[in-house]
Amino acid sequence: MWVSCNVKVRDCLASTSVTLKRCLKLGVTMAKSKFEYVRDFETDDTCLPHCWVVVRLDGRNFHRFSEKHNFAKPNDIRALHLMTKCAQTVMEELEDIVIAYGQSDEYSFVFKRKSNWFKRRASKFMTHVASQFASSYVFYWRDYFEDQPLLYPPGFDGRVVVYPNNQTLKDYLSWRQADCHINNLYNTVFWALVQQSGLTPAQAQGRLQGTLAADKNEILYSEFNINYNNEPLLYRKGTVLIWQKVDEVTTKEVKLPAEMEGKKMAVTRTRTKPVPLHCDIIGDAFWKEHSEILDEDS
Ligand SMILES: [Mg+2]
């Protein structure tokens, strides 16, 4: 319900919100409805300035999801590549993400310290990341699971954590990569015991209870001839996505000169893309090699 409206304002209101903004720019007094006060109920969730903002997504009930969709155990390469495709889409579609790290059914996205995207509102960061990721998961599913139909819509929960300096951000990412290592080592032995030694899941779990990393490595080596260090880096280290310059070669039809018409030529252009790496991010080497990620102006 609009309380007093002059002609100019009414004309503006009749059109879109773009026009509405234009009215505000022109300094036209806007009429307010008596309902406007409910806006004051919205809480302020601005992320602290100058801090790294991390959004972490995690697949909802993916234990069941992986079983229903016949994921290979301990790692399904299609599922891991699909997760990374979704994360790349998030980085390309949204703004200000400098690095992402993913493993299993989770992905973390780090926004620039000085990002002012949506005025640093946590709910905007989180919901944009989660919805873009989830829709991409469904959209690209068939590209990775050709023979496996998607049986029901997957979901992802999200959280926002703000880290005050480079050390805490690096420790956060180290924590996630250490988690990847611990889980993958456990799962690799667990599934070897089940798939190759014929143990039931409960028996395999019992066998591994109280074992240390060295014990698990030893079981893998002596019983299955597996050297854990030779397992694929993708499984042991997870995936880091960083922006890198990539040469893209495309073929283009040449228009001119006339004698060249109809001929195709390879055109190379450089684009900056989120590139997946499977490397250690706990040590200093990675951060020295890619020092631009933690740059002050970032
Ligand atoms: Mg999960």
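This report describes the main pocket, the annotated binding-site residues and the cysteines of a predicted model.

## The largest pocket

The largest pocket has a volume of about 810 Å³. Its lining is made up of 34 residues. Those nearest the centre of the pocket are Lys-73, Pro-74, Ser-104, Asp-105 and Asn-187. By residue type, the lining divides into 15 nonpolar, twelve polar and seven charged residues.

Several elements each supply at least two residues of this lining. The helices are H3 (62–68), H4 (77–93), H7 (166–195) and H10 (233–237), and the strands are S2 (97–103) and S3 (106–111). Helix H7 gives the most, with nine residues.

## Residues annotated as binding site

An unreviewed UniProt entry carries the annotation "binding site" for Asp-58 and Asp-105. The two are spread over 48 residues of sequence, yet they cluster in space, with a largest C-alpha distance of 5.8 Å. Of these residues, Asp-105 is included in the lining of the largest pocket. A "binding site" annotation in the unreviewed UniProt entry also covers Asp-58, Gly-59 and Asp-105.

## Asp-58 and Gly-59

Asp-58 is placed in strand S1, which runs over residues 52–59. Gly-59 lies in strand S1 as well. Are these residues buried or exposed? Asp-58 has a relative accessibility of 23% and counts as partly exposed, because the buried class requires a value under 20%. Gly-59, at 5% relative accessibility, counts as buried.

Leaving out residues up to four places away in sequence, Asp-58 touches Asp-105, Glu-106, Gly-155, Phe-156 and Asp-157. With the same exclusion, Gly-59 touches Asp-105, Gly-155 and Phe-156. Asp-105, Gly-155 and Phe-156 are thus contacts of Asp-58 and also contacts of Gly-59.

## Asp-105

Asp-105 sits in the loop between S2 and S3. Its relative accessibility is 16%, and it therefore counts as buried, the limit being under 20%.

Which residues is Asp-105 in contact with, leaving aside its neighbours within four places in sequence? They are Leu-57, Asp-58, Gly-59, Phe-62, Met-83 and Phe-156. Asp-58 and Gly-59 in this list come from strand S1. Phe-62 falls in helix H3 and Met-83 in helix H4, and both of these helices supply residues to the pocket lining.

## Thr-188 in helix H7

Thr-188 has its place in helix H7, the element that gives the most to the lining of the largest pocket. Thr-188 is buried, with a relative accessible area of 7%.

Apart from residues up to four places away in sequence, Thr-188 touches Pro-74, Leu-220, Tyr-228 and Glu-231. One of these, Pro-74, is among the lining residues that lie nearest the centre of the largest pocket.

## Cysteines

How many disulfides does a search of the whole structure find? The search finds zero. For Cys-51, the closest cysteine sulfur is that of Cys-47, 8.7 Å away. A disulfide needs the two sulfur atoms to be within 2.5 Å, so the distance from Cys-51 to Cys-47 is too far for a bond.

Cys-51 is buried, with a relative accessible area of 5%. Cys-86 also counts as buried, at 0% relative accessibility. Position 86 falls within helix H4 (77–93).

Conventions:
Residues numbered from 1 in each chain as written. Predicted model: local features only at pLDDT ≥ 70, side-chain atom pairs only at ≥ 80, totals over all residues. Heavy atoms only, no water. 1 Å grid on protein atoms, 1.4 Å probe; cavity = no way out; pocket = protein on both sides within 12 Å on 5 of 7 lines; lining within 4 Å. Points joined across faces, edges and corners; volume = space filled by probe spheres on them. Helix = DSSP H or I, 4+ residues; strand = E, 2+ residues; numbered from the N terminus. Nonpolar A, V, L, I, M, F, W, Y, C, P; charged D, E, K, R; others polar. Buried < 20%, exposed > 50% of the residue type's maximum accessible area, 1.4 Å probe, protein only. Contact = heavy atoms within 4.5 Å. UniProt positions renumbered as here; feature names shortened; annotations may be inferred.
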